[in-house]
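Let's take a walk through this structure together. Please have the sequence and the 3D view open side by side as you read.

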Amino acid sequence: MLRITLPLPKDVTPAPTTSRVAIIGGGFTGASLARLLAVNGQYGPDDIVVFESRAGLGGGLAYGTRNPSLRLNVAAHRMRAVPGDPQAFVHWLSASGRLDLDPDAVGDGGIYARRADFAAFMAEQIQPFLDRGSVRHVRERAERICRRHGRWQIEGDRGASVQSDIVVIATGHPPPTPPDLLSDSLGGDARLISDPLPSGALQAIGPDDKVLVVGAGLTALDALGVLRAKGHCAEVTLLSRTGQLPQPQASGDFAPHGDFLIGVPNTALSLLERVRFALEEVTEAGLPWQSVFDALRHQGQAIWQALPLVEQRRVLRHLRRRFEAHRFRMSPQIAELVERERAAGRLRSRAGRIVAVRPGHAEIVVDIATKPHGIVVRHAARWIIAATGPDHGNVIGSQSCLADMEGSGLLRKDPHGLGIACDEDSRAVARDGYPVEDLFIAGPLARGAFGELTGVPEIAAQAERIVQQVLAMRFATTRTITIRSL
Ligand SMILES: Cc1cc2nc3c(=O)[nH]c(=O)nc-3n(C[C@H](O)[C@H](O)[C@H](O)COP(=O)(O)OP(=O)(O)OC[C@H]3O[C@@H](n4cnc5c(N)ncnc54)[C@H](O)[C@@H]3O)c2cc1C
């Protein structure tokens, strides 16, 4: 096979050939791991390498956007990104002057900052370690990860080749896959936007074009916010199985309510009963229902791990949708937009599923079997946006490096199809069922083992635990530092 090594851009130093820890993915998860490892000071130059093709570390898919209309869904004081300094982001917002530049960030119940500002905050956290060379950013996508002579060999898509003692997979959210019927009927048709998240994805939509969004979660509302911010004023319809939109955040500050760890429920039904009971309690006490879902989130990992596999499956089958609609809530700014748009009759939501698609010249016509009676209605729109979210079930298939590792038996899907299988120490579980001691799974990819592992505070805590384990490891090899010649 012919391998072409492209010249490196001027601002990029060549990748080292060896490292102690190679982190694959430099979003919030990868950047947090690198920073925590570097803070410890145990490693020398080039010992920590992050493969990430984006220009900066810390933003990733979630926050790596310049679009000012995209905000965090969570108030800044709840984005506890830095272990040991939970209010670091709030303080940074004021000290950096970003808050003065963005007065709309202040909403009912806190500061809902721009996602780009959170990325800038994370970038600043890691910058001193990049400057010192204790963390090296290899601006490449890892394409192949394999075992060679007792170490890992990572190859990037632009020629980097790094040997490492430890690998941490932190590749985050896989790309979405639009529903089959849409891709079969509209494959190659530019009017189907299969991923609204990349910047510029909605650019071609004209101000008067009717839009059908498939999905009604936070990604769908992001798309609505981006459209309206760029002057789009035509009707937007959100289609989902239930027709329900995410719930709003509660105003004011309140503590999580409910202790699910005393006599932890060990069935889906007993968990549901405990949640109902806690909801009754907060209603009587005049507290927001959101306080119960915040408690579930904080205690989520222990609750999940106490459930046997079969009960975890029941939770996913029967409770997941309802839980997620209350857990992943919209910012007050988006809640206001939704209210305004509904009142103006420009935003509709519909429960049902698409049963036929006909791409016409001017518009795409879809037949929707509506809920609850299955009556089929016809809907026409100029554009269809698939906002069904990341395709976690296909996370391994979406990446050549992960598919290769699965092929070699080094990792496998978790039993629920939420990500990659790992044990309670975040070590990948190989095909034979044993953990691989020097291969870690970090961030949302590890949700199968931990349940609740999507939000910043939970990921930061997992990163801290992984770092403790990595620092305790002894290496069989001695490192020689050589720089690959160009
Ligand atoms: C749009 C969106 C908004 C969110 N908002 C919030 C919020 O407000 N508050 C909150 O607490 N949580 C939020 N989340 C949850 C989010 O899961 C976490 O906060 C966190 O950002 C996940 O970070 P990550 O690095 O694991 O994943 P990602 O953000 O997906 O980043 C993964 C990175 O890995 C890189 N990568 C992938 N494959 C490779 C490869 N083969 N080689 C090299 N690099 C690779 C990608 O380029 C990407 O930069 C949001 C999630 C999304 C998707």
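What follows goes from the ligand site to an enclosed cavity and ends with two details of the backbone.

Before setting out, keep in mind that this is a predicted model.

A good place to begin is the ligand. Its surroundings comprise 32 residues, and those that come nearest are Thr-29, Glu-52, Tyr-63, His-173 and Gln-399. Gln-399 is worth a closer look, since one of its polar side-chain atoms lies 2.7 Å from a nitrogen atom of the ligand. The backbone takes part in the surroundings too: a backbone N or O atom of Ala-142 lies 2.8 Å from a nitrogen atom of the ligand, and a backbone N or O atom of Thr-454 lies 3.0 Å from an oxygen atom of the ligand. How much of the ligand's accessible area does the protein cover? On its own the ligand has 1000 Å² of accessible area, and the protein covers 93% of that.

Now trace where this shell comes from. Helix H1 (28-40), helix H2 (60-63) and helix H15 (456-471) are the elements that each give two or more residues to the shell. Among the elements, H2 gives the most, with 4 residues. Sorted by class, the shell around the ligand has 15 nonpolar, 12 polar and 5 charged residues.

Next, turn to the enclosed spaces in the protein. There are 4 cavities of 30 Å³ or more, and the largest cavity holds about 220 Å³ of space. Of the 18 residues that line the largest cavity, Arg-78, Gln-249, Asp-294, Arg-297 and Arg-329 are the closest to its centre. Helix H9 (residues 290-298) gives the most to this lining, with 4 residues. By class, the lining of the largest cavity has 7 nonpolar, 5 polar and 6 charged residues. Where does the largest cavity lie relative to the domains? Domain 1 (18-175 + 392-471) and domain 3 (268-324) both give residues to the lining, so the largest cavity lies between them.

Finally, two spots in the backbone deserve a visit. Most residues other than glycine have a negative phi, and most peptide bonds are trans. Asp-46 is not a glycine, yet it has a positive phi of about 70°. You can find Asp-46 in the loop between H1 and strand S2 (48-51). The second spot is the peptide bond that joins Lys-371 and Pro-372, which is cis, with omega at about 5°. Look for Pro-372 in the loop between strand S13 (364-370) and strand S14 (376-381).

How values were computed: Residues numbered from 1 in each chain as written. Predicted model: local features only at pLDDT ≥ 70, side-chain atom pairs only at ≥ 80, totals over all residues. Heavy atoms only, no water. Near = heavy atom within 4 Å. Polar contact = N/O pair within 3.5 Å; in protein donor to acceptor, adjacent residues only side chain to side chain. Areas by Shrake-Rupley, 256 points an atom, 1.4 Å probe, with all protein chains shown as cover. Nonpolar A, V, L, I, M, F, W, Y, C, P; charged D, E, K, R; others polar. 1 Å grid on protein atoms, 1.4 Å probe; cavity = no way out; pocket = protein on both sides within 12 Å on 5 of 7 lines; lining within 4 Å. Points joined across faces, edges and corners; volume = space filled by probe spheres on them. Domains from an automatic or database assignment.
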